[in-house]
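Visitor: Please take me in for a close look at a single part of this protein. I would like the aromatic rings, and then whatever surrounds them.

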Amino acid sequence: MVLNGIDSITKYRDLFEGKRVGLITAPTGLTKEFESTISILHENFNLTAMFSPEHGVRGDLDAGALVDTYIDPITGVPVYSLYRKDSKRLTKEMLNEVDIMVYDIQDVGVRYYTFIYTMLYALEDCAQAGVEFVVLDRVNPLGGITVEGNILKPGFKSFVGNYELAVRYGLTAGEIATMANDQMNWKASLHVVRLEGWERDMSFPDTGLTWVHPSLGIPRYETALLYSGTCLFEGTNCSEGRGTTFPFEMIGAPFIQAQQLADEMNAKRLPGVRFRPVHFKPTSSKHQGELCGGVQVYITDIQALRPLEVGVTLLFAIRDMYEEFLFLPPVKEGSRPFIDLLGGDSIYRTEHIQAKPLLEQFAEESKQFSAMKQQYHLYR
C-alpha cells in the first residue's frame, strides 16, 4: 500500500506540538480516506493561517484567477493569497502568524505546473524568516525514473518555470525541495514527511491511490501524462482543449483539417499513442464557440509513451501543415512570448527548426538532469 505524507502525520506529532502551524494546500490535500489536510491540522494542532496557491485552497478558482485574502468559512482560519497580482511570495506579516509552515499539494511532475514554484518561493521565504518548513510528500504520478525535455535556461524564468528543471523531472515535491534547499544554499529548516510504499518505477495507476484532479484542467491521470507535451499549445493560436471535457488531450483550431492531421500523426507511428480526428467547440478559452478541427490523443501504452515527444511532434506538424499557425505574442510589453516561458528557451521559435533534432538535443539535457537528480532521491 502506498501512503502519502499526510497519511503518516501522526508519527510526526512532536514536530507540530506547541507551534503555530501554517498550511499551503489545495483540494488534493487529502488522506487516503478523503479527509482534508486542513481538517486534520485544524483538529489536532494549532492551525493559525492558510496560504492559497493558484486555484485556491478549496479549488474554486480558474487558472490564472487572482486570489484575495479571506476567512475560511469552515474553520474560521484566515487564508492569505500566494497568487496576488503584485506578488506570489510570503510577506513578513504573513510569516509572523506561524512558527512552522506545511506544504501539501499533489504535483503532476511537469515543469510548467505552478504549484512547485509556490512551494519553492515559500521555502526560500521561510528560510530567510527562520520558519520551519514541512513537505507532506506525495507521489509523482508520472513516476520517478523517466526524465524528458530540456532544462530551463536561467534567462527564461517565470511562474511556469522558475527553477532549472527538465520538463518531466521524475522527482517528488519533497525531493525538489531538498534539491533546491541544497543547490540554492537557503539553509532552511526543512522536514520531509516521506511516502511509504512508493517506488520510483511506479506510475500513478500502480499506487492504488484515487486520482483527485489537482486543477480543473487536469481531470484525469491520462491528462497529466499528456500535459507534459501538449501544454506547449498554450503558447500557440491552437486550442489545447480547455473548455472541453478533454483538456490537453484534444488539440485543434478552426483552420485544421481533422482527418488530414490525424493521418499525418498516425503515419509517424509514435510509441504509445494513436490520434483520432475530432471536431469540437470550446466553451471557454481560445476559440470559444468556434468549430475546431483537430485530434484527440489516445494513450495505448503508458510505459512506451513519451508525451513531450508527442507534443513537440504534433506542434511542428501543425506549424508545417497550416500557414495560419502562430506562436502567440507576449502577454505584456517587455515580456517573452509564452512559448518561450513554457519551453524554457526561445528554441521553439527558431526558424526552420524541426522536431527530430530538437528532441535529440532535449534527450542530451534529460540525461544530464537525470544523472544530477539522483543524489536527491529519497526513495528507491
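Guide: Let me start with the whole: what percentage of the 380 residues in the protein do buried residues make up? They make up 60%, where buried means under 20% relative accessible area, exposed over 50% and partly exposed in between, with a 1.4 Å probe and protein chains only. This is a predicted model, where local features need pLDDT of at least 70 and side-chain atom pairs count only at pLDDT 80 or more, while totals for chains, interfaces and linings use all residues. Residues are numbered from 1 along each chain as its sequence is written, and side-chain values use heavy atoms, leaving out hydrogens and water.

The protein has 11 helices and 12 strands (DSSP runs numbered from the N terminus: H or I of at least four residues for helices, E of at least two for strands). Its C-alpha atoms fill a box of roughly 65 × 40 × 40 Å along the principal axes. Of the contacts (heavy atoms within 4.5 Å) between residues at least 6 apart in sequence, 73% join residues at least 24 apart.

Now to the rings. There are 17 aromatic pairs (rings of Phe, Tyr and Trp, the last by its six-membered ring, with centres within 6.5 Å; planes under 30 degrees apart are stacked, over 60 edge-to-face, the rest tilted). One of them joins Tyr83 and Phe159, a tilted pair with 5.9 Å centre to centre and 50° between the planes. This pair links distant parts of the chain, 76 residues apart: Tyr83 is in the loop between β4 (78-81) and α3 (92-95), and Phe159 in the loop between β7 (148-151) and β8 (166-168). Both Tyr83 and Phe159 are buried.

Phe159 also pairs with Tyr121: the ring centres are 5.7 Å apart and the planes at 40°, so this pair is tilted. Because Tyr121 lies in helix α4 (residues 115-129) and Phe159 in the β7-β8 loop, the pair ties together parts that are 38 residues apart in sequence. Tyr121 is buried, as is Phe159.

Charges join in here too. The charged end of Lys88 sits over the ring of Phe159, 5.2 Å from its centre (the rule asks for NZ of Lys or CZ of Arg within 6 Å of the ring centre and within 35 degrees of the ring normal). Arg89 lies over the face of Tyr121, at 4.2 Å from the ring centre. Elsewhere, Tyr112, Tyr113, Phe115, Tyr227 and Phe248 form one aromatic cluster.

Helix α4 leads us on to the interior. The largest nonpolar core (buried Ala, Val, Leu, Ile, Met, Phe, Trp, Tyr and Cys joined through side-chain atoms within 4.5 Å) has 105 residues. Helix α4 gives the largest share of this core, 9 residues. Phe51, Met101, Met119, Ile318 and Tyr348 have the most contacts inside the core. Leaving aside residues up to four places away in sequence, Met119 touches Tyr103, Phe133, Val135, Ala173, Ile176 and Ala177. A second, separate core of 20 residues includes Ile6, Phe45, Val57 and Val134.

Ile6 brings us to one last stop, helix α2 (residues 37-44), where Thr37, Ile38, Ile40 and Leu41 are buried. Their cover includes β1 (20-25), β2 (46-52), β5 (100-104) and β6 (132-136). Thr37 counts as buried because its relative accessibility is 0%. Beyond four places away in sequence, Thr37 touches Ile6, Leu23, Gly29, Leu30, Asp104, Leu136 and Arg138.
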